[in-house]
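Subject: Structure handover

Dear colleague,

I am passing on the structure we spoke about, and below it you will find what came out of going through it. Please read the notes with the coordinates open beside you.

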Amino acid sequence: MSDLLRRASSALFEHTPDGVLVLDSQHRILEANGAAQRLLGESRDALLGRLIAELLPEWTPPGPLAPEDTPREGELVWYGSAGSPRQARVLRVRCVSLPEGLMLLLRDLTAHAEIEASLRQQKEYYESLVLNSPVAIITINLRFTVVSWNPAAERLFGYARQEAVGRNLLRLVAGEGPIREEAETTAREAIQQGKVHTFTRRLRRDGTLLDVELLALPVTVEGEHVGFVAIYHDITELRRLHEQEVAHLRTIQRERERVDQLLLNILPKPVADRLKQGQRIIVENFPDVTVLFADLVDFTHFSTQHTPPDVLQVLNMVFSVFDQLTDELGVEKVKTIGDAYMAVGGLSLPRSDHAEAMASLALAMRAELLKLGAQLQIPLHLRIGIHSGPVIAGVIGDKKFAYDLWGDTVNTASRMESHGVVDGIHVTEAVHERLRGRYRFQDQGVTHVKGKGPMRTWLLLGAE
């Protein structure tokens with residue numbers, strides 16, 4: 001052998017990543033390279049002359065080998081020598097025949113074995129997950145041909161695995177028509193974007209419509225996109241429950257609005273808002289408002305001559321007209337008492353011209369009532385009384401509560417109505433003083449008013 005080849009063989013022996021041991025015919029170590037020393041954890045001097053059985057007790061020497069025989073190869077789990085125990089390692093041992101001994105090539109496969117074991121474990125875990133998953137997991141290629149079809153997909157769509165594999169997924173679960181068109185659009189999006197997450201509809205084998213959540217994830221092999229994993233979650237029942245909940249919430253909202261409207265029919269809005277917020281005692285002083293009482297003249301006689309439904313229908317028509325007028329003029333209805341109507345200006349809707357607003361209301365009420373009476377061919381007439389001053393306002397009762405006004409101003413307005421004349425608007429001096437110059441009046445002189453004594457009053461005739 002030339003000197004160059006000798007040096008090359010020496011360099012290869014020393015620098016190869018595999019451990020190399022040269023054994024004599026009794027299997028004693030004659031030489032060990034650096035890789036073998038590192039692998040076995042022994043120095044060269046400590047290795048030379050030792051039997052291989054001391055270091056690799058798990059290795060069984062092969063029978064006699066001729067130089068031309070194929071090298072023998074095997075794997076073993078090595079736990080270290082008796083004198084130097086180590087963590088278990090997987091070794092591949094290759095035995096090559098020499099003229100007067102053997103050469104062993106040792107390769108540490110521990111990392112490779114661990115990777116293979118991990119991959120096997122992950123594969124088994126994935127397969128178990130797919131098989132036992134409660135959601136349909138389907139693998140498809142880029143042509144949307146089914147490659148795998150788990151048991152949940154069988155239950156969801158009604159096709160056995162052998163019926164589904166090899167067929168086009170869209171034809172299986174999208175049918176024809178709008179669902180198919182949407183599925184094809186989703187498929188194009190998956191190709192363009194790499195993945196898709198959407199809520200859509202698909203079809204079972206028997207034509208039953210399903211609401212599903214679809215998640216399509218890309219599958220790559222060595223960096224190349226080869227298909228998708230399509231995961232279908234059946235949300236049909238969830239959507240049905242959601243739609244029921246939405247319908248229920250809409251019903252609750254409609255009922256709440258209806259209750260709110262009923263509340264506003266009997267209470268001013270600020271008071272209704274305070275009641276809804278939980279406040280139960282509502283009493284307030286208002287230093288300056290104008291109160292109006294209107295009473296249908298001789299309506300009791302009308303009631304005795306007609307059926308209750310007819311009476312209620314006429315009252316409803318009259319009071320509906322009055323309610324519309326209060327809304328238009330920015331004043332408030334307080335309540336009705338039989339065939340009497342009570343309203344106030346400047347209370348929860350503060351305004352400095354409340355006396356003028358109530359005068360406009362009184363004139364409009366009288367005009368509209370006469371017009372309604374002519375239409376119905378019924379003699380409908382009013383007596384109206386108005387007074388301005390302070391009042392106390394509040395809510396009465398805990399259950400069948402009502403909003404009401406108290407005080408001398410209320411009593412005086414009521415007396416003006418009861419001491420008035422048919423189709424007349426009877427007002428006090430306080431109202432006359434506020435409206436003088438803008439409205440026409442007829443002086444009634446001094447009138448003896450029950451509970452009040454002598455009072456100078458006027459009849460409101462109209463605007464100037």
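Of the 464 residues of the chain, 38% count as buried, and I should say at once that this is a predicted model. The overall dimensions deserve attention, since the radius of gyration of the chain is 51 Å, whereas a compact globule of 464 residues would have one near 23 Å. Along the principal axes, the C-alpha atoms fill a box of roughly 150 × 55 × 40 Å. The secondary structure comes to 16 helices and 18 strands, and among the contacts with a separation of 6 or more, 50% are between residues 24 or more positions apart.

The rest of this message concerns one sheet and a helix that packs on it. The sheet is open and has five strands, paired antiparallel in the order S7-S6-S10-S9-S8. Its edges are formed by strand S7 (146–149) and strand S8 (196–203), and because each of these has a single partner strand, one side of each is left without a neighbour in the sheet. On average, and with direction ignored, neighbouring strands of this sheet are turned by 30 degrees against each other. At the S8 edge, eight bridges join S8 to strand S9 (residues 209–221), the two running antiparallel, and arginine 202 stands opposite leucine 210 in S9.

Helix H9 (residues 178–193) packs on the sheet and touches S8, S9 and strand S10 (224–234), with its direction at about 155 degrees to that of S8. The helix has 16 residues, and the 22 Å from its first C-alpha to its last is close to the 22 Å expected at 1.5 Å a residue.

Which residues of H9 are buried? They are Ile179, Arg180, Ala183, Thr186, Ala187 and Ala190; seen down the axis of H9, the buried residues fall within an arc of 120 degrees, and they therefore line one face of the helix. What covers these buried residues includes helix H8 (169–173) together with S8, S9 and S10. On the other side of H9, by contrast, Pro178, Glu181, Gln192 and Gln193 are exposed. Just after the helix, glycine 194 takes a positive phi of about 95 degrees.

When you look at this region, you may wish to begin with the buried face of H9, which includes Arg180 alongside Ile179 and Ala183, and then follow the chain past glycine 194 to the edge strand S8.

With best wishes

Note on methods. Residues numbered from 1 in each chain as written. Predicted model: local features only at pLDDT ≥ 70, side-chain atom pairs only at ≥ 80, totals over all residues. Heavy atoms only, no water. Pairing = 2+ DSSP bridges. Helix = DSSP H or I, 4+ residues; strand = E, 2+ residues; numbered from the N terminus. Axes fitted to C-alpha atoms, helices over the stretch in contact; angles between N-to-C directions. Contact = heavy atoms within 4.5 Å. Expected span 1.5 Å × (residues − 1). Buried < 20%, exposed > 50% of the residue type's maximum accessible area, 1.4 Å probe, protein only. Arc of directions from axis to C-beta. Rg over C-alpha atoms; globule rule 2.2 N^0.38 Å.
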